[in-house]
Amino acid sequence: MILQTDIQFVPGVGPKRAGILNKELDLFTLGDLLRYYPYRYIDRSRIYYIHEIDGSMPYIQLKGRITAFETFGEGRKRRLVAHFTDGTGFIDLVWFQGIRYVENRYKVNQEYIVFGKPTLFNNRWNIAHPDIDPYMSEADRPDGLMAMYNTTEKMKEHSLNSKAMQKIIGNALGMVKGRLEETLSADVVKMANLIPFHDAIENIHFPKNPLLLRDAEFRLKFEELFFIQLNIVRYAADRKARLNGFLFSRVGKYLNTFYRKHLPFELTQAQKRVIKEIRKDTASGKQMNRLLQGDVGSGKTLVAVMCMLIAMDNGFQSCLMAPTEILAAQHFETFSRLLSELKVNVALLTGSTKKRERQEIHAGLLTGDIDILIGTHALIEDEVQFRNLGFVVIDEQHRFGVAQRAKLWTKSEHPPHVLVMTATPIPRTLAMTLYGDLDLSVIDELPPGRKPVKTVHRYDKNRGALYQFIREQIGARRQAYIVYPLIEESETLDLKNLEEGFLHIREAFPEFTVCKMHGRMKPAEKEEVMRQFVNNQAQIMVSTTVIEVGVNVPNASVMVIESAQRFGLSQLHQLRGRVGRGADQSYCILITPYELSADTRKRMEIMTESNDGFVIAEADLKLRGPGDLEGTQQSGIPFNLRIADLVRDNAILYRAREIAETIIADDPKLSQPQHLVLKQQLSRLGGNRYDWGRIS
Ligand code: ADP
Ligand code: MG
């Protein structure tokens, strides 16, 4: 296949440059090269004037002449500056490398077209390493849109700049002229109204006009998103067709008794709806795979409890897996308390469970003595086997790797029903991709009487007022968290940061008891500290982010986040969720230095303006891009998409999903001859990685 041709055989590449392209950009074949898309286009028909330049200019071209060359610095610091003017102003052209070459090549007082991105340095406009062409009359100049390619420093050292890349890609296109096969089936091309693959590739690199460029972009974005969706939809359909689930056909004494006698409060409408959705799934005969999204404090735990009671009513065991020991212990307590009157046997298994007890638990699971097992990663160890595990809940799932989830699958002969609960709302576009094969339930309502947390942003110089405020809150019998971030990669330094904070806070509040919590404490110590705080024997908890997920102390009303600039939005939101859990007004105070990047300022603004996890998740996705969001790395999905963008291209994504569903509904196994090409593309893209989806 021509697309598999080694990149070194493309004219203009050769073995040396091939090595660089392999290393720097992961480009190995001619096909890779063709899929190395430009990141922007420059309108070559437009020449700017120097006096028009402002701070927001993209790459532009100027026409003018060099008035003089000057060199500065010595040795490695040497740089060459050419003063350039077009009669409307001056700009400096600057080179740090290849100085001799530039000096020899370009002459003072000749007309040139200069090409690059203007930046302001020491109050002067300059362009570093510009492209320079001799001036040509309009008729001779290449017109229209010119592609710009990302390059690295290493590449530039071997004169592989954007222009060189364009040239090489042009050569590659020459090699495949008339030989590029369609990558999508005719029905998909028709449904999505796409231009042919060949035209798309040609126009993405060498746009004939803006309209064709738009069509090319659409086609390539669509294709990229389509194959991800096709894979998910195909997989989900296959699973539904193949897998029977345990039948939870009845509701019996456990749920009924609980509901009538022990339910501590009215369920919210949203909780009721979600329980109904789960009941419907588990009574369908198919295996349930459901994602439950609900903002912090929305009452997901209660939903899990009630579903497990349904499992018990049908003779099945359940388990709940939590990401931290604190959280597992807390769940264990909640479950034990709620179910204390019901003769339900709940056990807790974590990394620190003693050997003896561990063995007892293993035995109890096998005999069926234990009805509900709560734990951490310890649950997925091999020796944990159940008699009849029917229902699995994974709490705050974004903390679990895919492989870990998949392991739970093997805990019983038959796949159990799976409910994945997350308090980090996932924007719809991302959810469709990350959890595209899961059914989705949403708790979009908080229990009544909750007041939204008031969030403010303060600078760290002004602690007096803050401490006064904390004092007042504690005076009103409330409690406070003060969270310190991970400052360094090194745990020791982080700890130092926390210790210092702890000492400082203890000094500032001699009248109160201050406790502290961090990830490296022994579980028993953590538990003890937690107990102290829950019982209000300590009024202030100084902590690292170990309290980020799940911790529930309704009496705490103040959350102070130190160095808030170091946290991502969803993390800030999670931390804030630790307060506002009771009926009283709660507060979240974000502390940062005065000097902040625009990005951070924006994050602080979003936090003070919104309490809505979904709004925050969308904003987070926009600010950081999908590749950096939690959970995406383990997903195995190529989130570094080449051309599509999950935020900007959501309309294309929805369309791709729809068409993928149509195709799979019509031809679930892609066995029709016309769909052969889709199957081939999927396997080329490594599309079988979705197997893990069985569990989550
Ligand atoms: P999350 O969804 O963050 O896991 P939890 O399940 O921890 O939330 O619930 C948060 C708090 O709300 C708990 O203290 C819980 O007891 C309480 N809660 C849950 N459901 C209700 C309800 N329907 N009415 C009042 N309080 C509730
Ligand atoms: Mg929770």
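**Exercise 1. Classify Asp-599 and Arg-624 by relative accessibility, and relate each to a distant residue**.

*Solution.* Begin with Asp-599, which has a relative accessibility of 40% and therefore counts as partly exposed, where buried means under 20% relative accessible area, exposed over 50%, and partly exposed in between (1.4 Å probe, protein chains only). This is a predicted model, in which local features need pLDDT of at least 70 and side-chain atom pairs count only at pLDDT 80 or more, while totals for chains, interfaces and linings use all residues. Residues are numbered from 1 along each chain as its sequence is written, chains are lettered from A and ligands numbered from 1 in the order in which they are written, and side-chain values use heavy atoms, with hydrogens and water left out.

Next, place the residue: Asp-599 belongs to helix 20 (residues 598-609), where helices (H or I, at least four residues) and strands (E, at least two) are DSSP runs, numbered from the N terminus. Then compare sequence with space: Asp-599 and Leu-292 are 307 residues apart in sequence, and their C-alpha atoms are 30 Å apart.

Now repeat the steps for Arg-624, which is found in helix 21 (residues 613-624) and counts as partly exposed because its relative accessibility is 33%. Its C-alpha atom and that of Leu-569, 55 residues apart along the chain, are separated by 9.5 Å.

**Exercise 2. Locate Phe-197, and state whether this residue is buried or exposed**.

*Solution.* Phe-197 lies in helix 7 (residues 197-205), and with a relative accessible area of 5% it is buried. From its C-alpha atom to that of Thr-544, 347 residues apart along the chain, the separation is 52 Å. For the whole protein, buried residues make up 54% of the 696 residues, and the C-alpha trace spans about 90 × 70 × 45 Å along its principal axes. The protein has 23 helices and 22 strands.

**Exercise 3. Describe the setting of Asp-26 and of Asn-536, which have positive phi values**.

*Solution.* Take Asp-26, whose phi is near 65°, a positive value in a residue other than glycine. Asp-26 sits in the loop between helix 1 (14-25) and helix 2 (30-34), and it counts as exposed because its relative accessibility is 55%.

Turn then to Asn-536, with a phi near 60°, likewise a positive value in a residue other than glycine. Asn-536 is in the loop between helix 18 (523-534) and strand 20 (540-543), and at 19% relative accessibility it counts as buried.

Finally, look at the elements around that loop. Strand 19 (residues 514-517) and strand 20 pair in the parallel sense over four bridges, pairing being counted if DSSP finds at least two bridges between two strands. Within this pair, Lys-516 has Val-542 of strand 20 as its bridge partner. Strand 19, helix 18 and strand 20 make a right-handed β-α-β unit, right-handed meaning that, with the strands pointing away from the viewer, the path from the first strand over the helix to the second runs clockwise.

**Exercise 4. Identify the strands that pair with strand 7, and give the sense of each pairing**.

*Solution.* Strand 4 (residues 90-95) runs parallel to strand 7 (residues 124-128), and three bridges join them; here the bridge partner of Val-94 is Ala-128 in strand 7. Strand 6 (residues 119-121) is antiparallel to strand 7 and is also joined to it by three bridges, with Thr-119 standing opposite Asn-126. The hairpin of strand 6 and strand 7 has two residues between the strands, and in it Asn-122 takes a positive phi near 50°.

**Exercise 5. Work out how the protein surrounds ligand 1**.

*Solution.* Start with the shell: of the 17 residues around ligand 1, Glu-266, Gly-297, Lys-300, Thr-301 and Arg-450 come nearest, a residue being near if one of its heavy atoms lies within 4 Å. By class, this shell has five nonpolar, seven polar and five charged residues; Ala, Val, Leu, Ile, Met, Phe, Trp, Tyr, Cys and Pro count as nonpolar, Asp, Glu, Lys and Arg as charged, and the others, Gly among them, as polar. Helix 11 (residues 300-313) gives the most to the shell, with three residues.

Continue with individual atom pairs. A nitrogen atom of ligand 1 is 2.8 Å from a polar backbone atom of Glu-266, and an oxygen atom of the ligand is 3.1 Å from a polar backbone atom of Gly-299. An oxygen atom of ligand 1 also lies 2.6 Å from an N or O atom in the side chain of Arg-450. Overall, the protein covers 84% of the 570 Å² of accessible area that ligand 1 has on its own, with areas from the Shrake-Rupley method and a 1.4 Å probe.

Technical notes:
Polar contact = N/O pair within 3.5 Å; in protein donor to acceptor, adjacent residues only side chain to side chain.
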